[in-house]
Amino acid sequence: MKSLVLKMNFVTIYAFSLGAIYLLLLFLSYVKYGFDFRDINFYLMLLFYLLFEFIPVRFQTFFERKFDESKKTIDMFFSVGLIISILSTIILKITNALVLPLIVFLILRVRVLFSKEYYFFIFNVSMIGILVFVVSKFFEIFSFKNIVLSSLYVAGISAVYSIFNLIFSFLFLTFMYKDFSKKYFNMLIGDGRFYNILSTSLNAFLVYFLYRLIGISAIPVSFFTISSIQLGNYYATKYRNAKLELLMALAKSLEEKDSYTLGHGENVAKLSVEIAKELGFSDNDLKLLEIAGILHDVGKIGIPDIIISKMDKLTSEEYEIMKEHSVKGYEILKNITEYKDTVATWVLHHHERWDGNGYPGGLKEEEIPLFSRILTISDVFDAITSDRPYRRAWSRKKAIAFIKDNSDIIFDPEIVNVFLKVIGED
């Protein structure tokens, strides 16, 4: 309880500090420039701001939501409303522009202000207000008459705005959890989410370019354009996720057919990720490797059931058919574009051997993809330490001895050393 109070103190001090700066800037702007209640553009921008706030770019991946439900995540997002924040500094008086985020958040998120997490409200309004003020100063210093140059300038400013937004958010997470960790940075920009900044800059360029051509009516036109783009991205992501869900279901159905391999995919994934962590790979690589581990045997869906569920040892002919599962797995996984050169390729080669006597390509040593070499050792270790219809599980000691004996034969010696370190720790 004491540590929770401490966390709240840090984050509330941070939020209230930003709030104080925001109110000071708002007061100084009002004293110097006043507030124009009769500006019709202010009310139009308020309306557009509210509309654009409903187009979020969320900072959360399908994999985190679906397969890591035990890990508590914060549903963070950029809204395309920041484009209106930037444009408001060009179109409106600075005081009017500073008031916009406060009014919008009072309309859309007033419940947060009166909840236990009120500091979220203060943080978001203050951060946006401060960034709006800074952006307005950029426009005071530089301006371009050329429509293309000025639009590019706006795109650049939106990128700077987004980056500072990330910095403020990173500090917020750090103070909230009292932990300065790169995992919060990865939460904000990992898994390609950094490209949201490029997308936002492109949208800002588009909106401002049209604004210079046809005036404020460009904003509602842009709203529908951006909505269409985001909707297309949303359904493209949903389609990809649906395919991944189907593959996961196929992997589970295989385990249901063969109770002896129940949980094998998850075990291989877990051990592979631990080995890759020791080797210093990024969170994105770890997530892809985890997917590869879970799905490494998905190609067995194309192997006859009589072979998959056979209680005796396979004949040489049956074994040759079984060996096809890695190629079949590749053929299935390559249909997800972003997996073709990663997950699909790693699965294709997870039965290669260091000495070149594996399959399907007979690759040797470093010709074998590194993540395939990791999957190989994890797959073998979990298989030999699990019961099979034709033999009992090997003891941990015997299995480790087998791995050591086959270092530089089946397994990459470097991976063996890391494997032994991981196994020794747990």
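**Why these labels?**

Guide: By class, 5 nonpolar, 1 polar and 4 charged residues line the largest cavity of this predicted model.

Visitor: What makes 4 of the lining residues charged?

Guide: Asp, Glu, Lys and Arg count as charged, and the lining includes Glu352, Arg353, Arg373 and Asp412. Thr376, also in the lining, falls in the polar class. Trp354, Ile368, Ile377, Ile410 and Phe411 line the cavity too, and their residue types count as nonpolar.

Visitor: What makes this space count as a cavity of 30 Å³ or more?

Guide: The largest cavity holds about 50 Å³, set against a cut-off of 30 Å³. By that rule the count comes to 1 cavity.

Visitor: Ile377 turns up in helix α18 as well. Why is α12 called oblique to α18?

Guide: Their axes come within 9 Å and cross at roughly 135°. That angle is not over 145 and lies outside 65 to 115, so α12 is oblique to α18. The crossing is right-handed. Among the residues that meet there are His264, Leu271 and Ile275 in α12 and Ile374, Ile377 and Phe381 in α18. By class, this contact has 9 nonpolar, 4 polar and 2 charged residues.

Visitor: And α2 with α4: what makes them roughly antiparallel?

Guide: Here the axes cross at roughly 165° and come within 8 Å. Since the cut-off is over 145, α2 and α4 are therefore roughly antiparallel to each other. Met45, Phe48 and Phe52 of α2 are among the contact residues, along with Gly81, Ile84 and Leu87 of α4.

Visitor: How many charged residues does that contact have?

Guide: It has no charged residues, with 7 nonpolar and 4 polar.

Conventions: Residues numbered from 1 in each chain as written. Predicted model: local features only at pLDDT ≥ 70, side-chain atom pairs only at ≥ 80, totals over all residues. Heavy atoms only, no water. Axes fitted to C-alpha atoms, helices over the stretch in contact; angles between N-to-C directions. Helix = DSSP H or I, 4+ residues; strand = E, 2+ residues; numbered from the N terminus. Parallel < 35°, antiparallel > 145°, perpendicular 65-115°, else oblique. Contact = heavy atoms within 4.5 Å. 1 Å grid on protein atoms, 1.4 Å probe; cavity = no way out; pocket = protein on both sides within 12 Å on 5 of 7 lines; lining within 4 Å. Points joined across faces, edges and corners; volume = space filled by probe spheres on them. Left-handed = near helix turned anticlockwise from the far one by under 90°.
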